[in-house]
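I opened the model to look up a few things and kept notes as I went. The entries follow the order in which I looked.

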Amino acid sequence: MKIGPIEIPPAGERRTGTFTFASDQGLAKYEWPYIAIAGLRSGPTVLITAGIHAAEYTGIEAAIRIGRATSPDAVRGTILIIPLLNRPGFYERSIYVNPEDGDNLNRLFPGKPDGTWGERFAHHLLTEIITKCDNAIDLHAGDLIEDLVPFVIYRETKDPSLDERIEAMANAYGARWAVKSAPTGERPGTLMAVAAQNGVAAMLAESGGRGQLIEEDVARHVTGVTNILRTIGAISGRPERVDLPTVVKSFEWLRSPVEGMFHCHVRVDQIVKARELVGEMTDLVGDPIAALTAPVSGVVLFTVTSPAIKKGGLLLAIGAL
Ligand SMILES: [Zn+2]
C-alpha cells in the first residue's frame, strides 16, 4: 500500500525511509524522512507532521520519538509521521521561511501545481498525502527567536461532525490555551486549516521554542499526541482525562510600526489589559521611537525573543480573554 509517494509497510510492521515528489524537479532535489507504522487491526489513517518551520525542534524531535516508540502491536489503522516538512530550511536554520523561495510554508496551502517552490510543495503534500488521511496533527514550537506558552490551534469547518472530531483531538492534547481560528488579520493557508477544509480532522500544537530541545517541551508534545491517538482510537489504551483548554476569543498578532530594538515588557502566559504598555521600540542610539500597547485584554501566547525588528516585524501575540 502507498500513500502518495510513501511506501506503507505490511500490517504489523514499521518502516522508516525517505520519499520525494519525483514528478517535480525542484522538489525532487530533496528527500523527506518518514516513519510509517501499520497496525494489525483496522483504524484511522493518521498523519503526524512537524518542522514546517525548520527551527521548531521540539515538534521535530517529538514526531521522531513517537514514530520510534509506538509499537505496531498497539496501532489500529496506520500512523504516518513526517518529522521535517521544511527540508530545505533545516540545516540552514531558517526562521519562519523556506530558503528555496523565502516564503512561509505554513501560509501557502492549498498551493499550486505550477507555482513557487513552496506552493508546489504544499500542493503535492495536500493532494497526495494529507487528504488521504483521516486525522492530521501538525507539531510546532516557538521559532528560533520565539518563546511561547503551550497551546493548540484548530479551525472550525462548519461541518458539525468534523468539528466535533477536531475539538476532541485539541482537547485531548492537554494544553492550557486553545485558539479556535486563524490569527486575526494574518494570512490564511495553514496546513491545519486547509486540511480541515478538505475534510481531514486536523489541528496544530505548540510547545517549546527559542531553538532549544528542552526535554519537558518535547515530552509535552509526545504525551499530548499519544493522548490524541488514544482518543481517536489510533492506538490502544484508554485516554487520560486532561483539563480542557481555555479557548481564547481571538489571536491578535502585534507587529512593530518601526524598525529598531524591541524591549519586551511582558512574559509568555502573562495576563495583560487592553492598552497596557507591553514593550517599547528604540532606535540604535537608544531614543524611544514607539510605545507598544496591548490591542486587547488577554494572555500573552508568544513573544519574539530577538530585539532586532524590521518595520512590520512580528513582536508578540495575545489570546483575547
Ligand atoms: Zn511553527
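I counted two strands as paired if DSSP finds at least two bridges between them; helices (H or I, at least four residues) and strands (E, at least two) are DSSP runs numbered from the N terminus. This is a predicted model, so local features need pLDDT of at least 70 and side-chain atom pairs count only at pLDDT 80 or more, while totals for chains, interfaces and linings use all residues. Residues are numbered from 1 along each chain as its sequence is written, and side-chain values use heavy atoms, with hydrogens and water left out.

Entry, sheet. I looked up Gly-279 and found Leu-292 of β17 opposite. Strand β16 (residues 277-282) is joined to β17 by five bridges, and the two run antiparallel. I then traced an open sheet of four strands, ordered β17-β16-β14-β19, with antiparallel pairing. β17 (288-293) and β19 (308-309) are the edges; each has a single partner strand, so one side of each lacks a neighbour in the sheet.

Entry, zinc. I listed the protein donors (N, O and S atoms within 2.8 Å of the metal, or 3.2 Å for Na, K and Ca; water is not among the atoms, so sites may look incomplete). They are His-53 (ND1), Glu-56 (OE) twice and His-140 (ND1), at 2.1 to 2.4 Å from the zinc ion. Their spacing along the chain is H-x2-E-x83-H. Glu-56, in the loop between β5 and α1, and His-140, in strand β7, are 84 residues apart. Both Glu-56 and His-140 are buried (under 20% relative accessible area; exposed is over 50%, partly exposed in between; 1.4 Å probe, protein chains only). The angles at the four donor atoms are 57 to 149°, which makes the arrangement irregular (tetrahedral needs all angles between 85 and 135 degrees; square planar for four and octahedral for six need opposite donors over 155 degrees apart and all others between 65 and 115; anything else is irregular).

Entry, helix α1. I checked the span of residues 57-69: the 13 residues should cover 18 Å at 1.5 Å a residue, and the end C-alpha atoms are 18 Å apart, which agrees (the expected span is 1.5 Å times one less than the number of residues). Its buried residues include Tyr-57, Ile-60 and Ile-66.

Entry, core. I looked up the largest nonpolar core, of 37 residues; Val-152 is one of those touching the most other members (a core is a set of buried Ala, Val, Leu, Ile, Met, Phe, Trp, Tyr and Cys residues joined through side-chain atoms within 4.5 Å). The largest share, six residues, comes from α3.
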